[in-house]
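Let's walk through this fold by asking a few things of it. Have the sequence and the coordinates open as you read.

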Amino acid sequence: MSNLVFSREYLQRRSFIELDARDRAKSLFDSGTVRELAGPFDRIESPWLPLQGVTPQADDGCIVMRGTIGGHQSVVIAFNGSFQGGGIGEVSGAKLTAALDLACRDSQEGSATSAVLLLETGGVRLQEANLGLAAVAEIISSVIALRQYAPVISVIAGPVGCFGGMSLAAGLSSYIVMTPEGRLGLNGPEVIEQESGVEEFDASDRSLIWSIYGGQQRYDQALVDVLVDDDADQMIATIQELIAKGVPAVHRSQQVDLYRSRIAALDPSTQWEPKQLHSWPSWSAGSLSSSEALAKEDARPTSRSEGPATGNKEKEQ
């Protein structure tokens, strides 16, 4: 009976993934507070796409909205994964960077403004490769500047996922939120298959892809802070909680020794099954020290001899 009730409740939920990028962004704000900046009627389009026979989009696939979330000043930037695979170009990159920089300026002036990045992106747009790469560098710089004053939260919900340079920006965020349907990685499966062959990575093997890049795997590896079901109300509550939590004591990107120790513990001569990493206690989200705990003096990285190669659990000192 309990499973039947759960299934009924799940079917009646409001899906976050099924919302388009603009509606996802709008759903996060407190009622009556949201306004869109540099919207489609401003027609800030890429000048480079028509030159290559690609029809541009009036907002360049990047939606920027400002308002309050849980009573806190916030800006939400959402990428439209259905336009150029959510790729970053000159205009979309400039919109994201400007939104982060304005939030940073307001935060420096005493009005803390958080940023939420709804990332559905394959990374740099190939038609604007050099400009896109420059944009990613600027975005990363702006994320680092803002996160000193207010949380920067990356949300990876839909199956387009977050890859390429934008996965680096996500990794620099204060918090990362994923759904099980989301994917997060540096090189996408299609890129790996194209460069190394299908024997190396079969991009059509959905089970393989999600067992490596999927939200559950990334959460179990402690590369993600919160794993949320595809439920708009749960997503809204999670974002509100993280904004209220504020800036973490130590950001994930500052935990260099901790993550190096986990990489060192893996034996590259062994072919690891994804399920083995799921069950490795010292990599699990529950056992990985939180940002606050890592700020304490007694936090210690894992030694090289610990991990799945030896079957030993992480020794907490």
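**Strands, crossovers and odd phi angles**

S3 is mostly covered, with 6 of its 8 residues buried. This is a predicted model, so keep that in mind for everything below.

Q: In what order do the 7 strands line up in the open sheet?
A: The chain comes to 12 helices and 7 strands. The 7 strands form an open sheet with mixed pairing. Reading across, the order is S1-S2-S3-S4-S5-S6-S7.

Q: Which strands stand at the edges of the sheet?
A: The 7 strands make an open sheet in the order S1-S2-S3-S4-S5-S6-S7. An edge strand has a single partner strand, so one side of it is left without a neighbour in the sheet. The two that fit are S1 (35–37) and S7.

Q: Which residue in S2 does Leu-37 stand opposite?
A: S1 and S2 run antiparallel and are joined by 3 bridges. Leu-37 is paired across to S2, where it stands opposite Val-64.

Q: What is the bridge partner of Ile-63 in S3?
A: S2 and S3 pair in the antiparallel sense over 8 bridges. Their hairpin has 2 residues between the strands, and Gly-70 takes a positive phi near 60 degrees there. Follow the ladder to Ile-63 and its partner in S3 is Ala-78.

Q: Is the crossover from S3 to S4 right-handed or left-handed?
A: S3 and S4 pair in the parallel sense over 5 bridges, and Ile-77 stands opposite Leu-117 in S4. The chain gets from S3 to S4 through H3, and this β-α-β crossover is right-handed.

Q: How many residues does helix H3 have, and what does it reach from its first C-alpha to its last?
A: H3 covers residues 90–108. At 1.5 Å a residue the expected span is 27 Å, and the helix comes close to that. So the figures are 19 residues and 27 Å.

Q: Which elements do the buried residues of H3 pack against?
A: The buried set in H3 includes Val-91, Leu-96, Leu-100 and Cys-104. In an α-helix, residues three or four places apart point the same way, because there are 3.6 residues a turn. The buried residues of H3 pack against strand S2 (62–69), strand S3 (72–79), strand S4 (114–118), helix H4 (129–146) and H5.

Q: What phi does Gly-110 take just after H3?
A: Most residues other than glycine have a negative phi. Gly-110 is a glycine with a positive value, about 105 degrees.

Q: Is Gln-84 buried, partly exposed or exposed?
A: Gln-84 is found in the loop between S3 and H3. Its phi is positive, about 55 degrees, although it is not a glycine. With 28% relative accessibility, Gln-84 counts as partly exposed.

Q: And is Arg-43 buried or exposed?
A: Arg-43 sits in the loop between S1 and S2. Here too phi is positive, about 50 degrees, although Arg-43 is not a glycine. The cut-off for exposed is over 50%, and Arg-43 has 56% relative accessibility, so it counts as exposed.

Q: How far apart in space are Gly-87 and Thr-121, C-alpha to C-alpha?
A: Gly-87 lies in the loop between S3 and H3 and is buried, with a relative accessible area of 6%. Not counting residues up to four places away in sequence, Gly-87 touches Ser-92, Thr-121, Gly-123 and Arg-125. Gly-87 and Thr-121 are 34 residues apart in sequence, yet their C-alpha atoms are 5.4 Å apart.

Q: Which residue of S6 is the bridge partner of Ile-156?
A: S5 (residues 152–156) and S6 run parallel, joined by 4 bridges. The chain passes from S5 through helix H5 (residues 165–171) to S6 in a right-handed β-α-β crossover. The S6 partner of Ile-156 is Met-178.

Q: Which residues cover the two faces of S6?
A: S6 runs over residues 175–178 and both of its faces are covered. On its other flank, 2 bridges join S6 to S7 (residues 226–227), with Val-177 opposite Val-226. By face, the buried residues are Tyr-175 and Val-177 on one side, and Ile-176 and Met-178 on the other.

Q: How many disulfides does the structure hold?
A: Cys-62 is buried, with a relative accessible area of 0%. Cys-162 is buried as well, also at 0%. The count of disulfides is 0.

Definitions and conventions. Residues numbered from 1 in each chain as written. Predicted model: local features only at pLDDT ≥ 70, side-chain atom pairs only at ≥ 80, totals over all residues. Heavy atoms only, no water. Disulfide = S-S within 2.5 Å. Buried < 20%, exposed > 50% of the residue type's maximum accessible area, 1.4 Å probe, protein only. Pairing = 2+ DSSP bridges. Right-handed = clockwise from strand over helix to strand, strands pointing away. Contact = heavy atoms within 4.5 Å.
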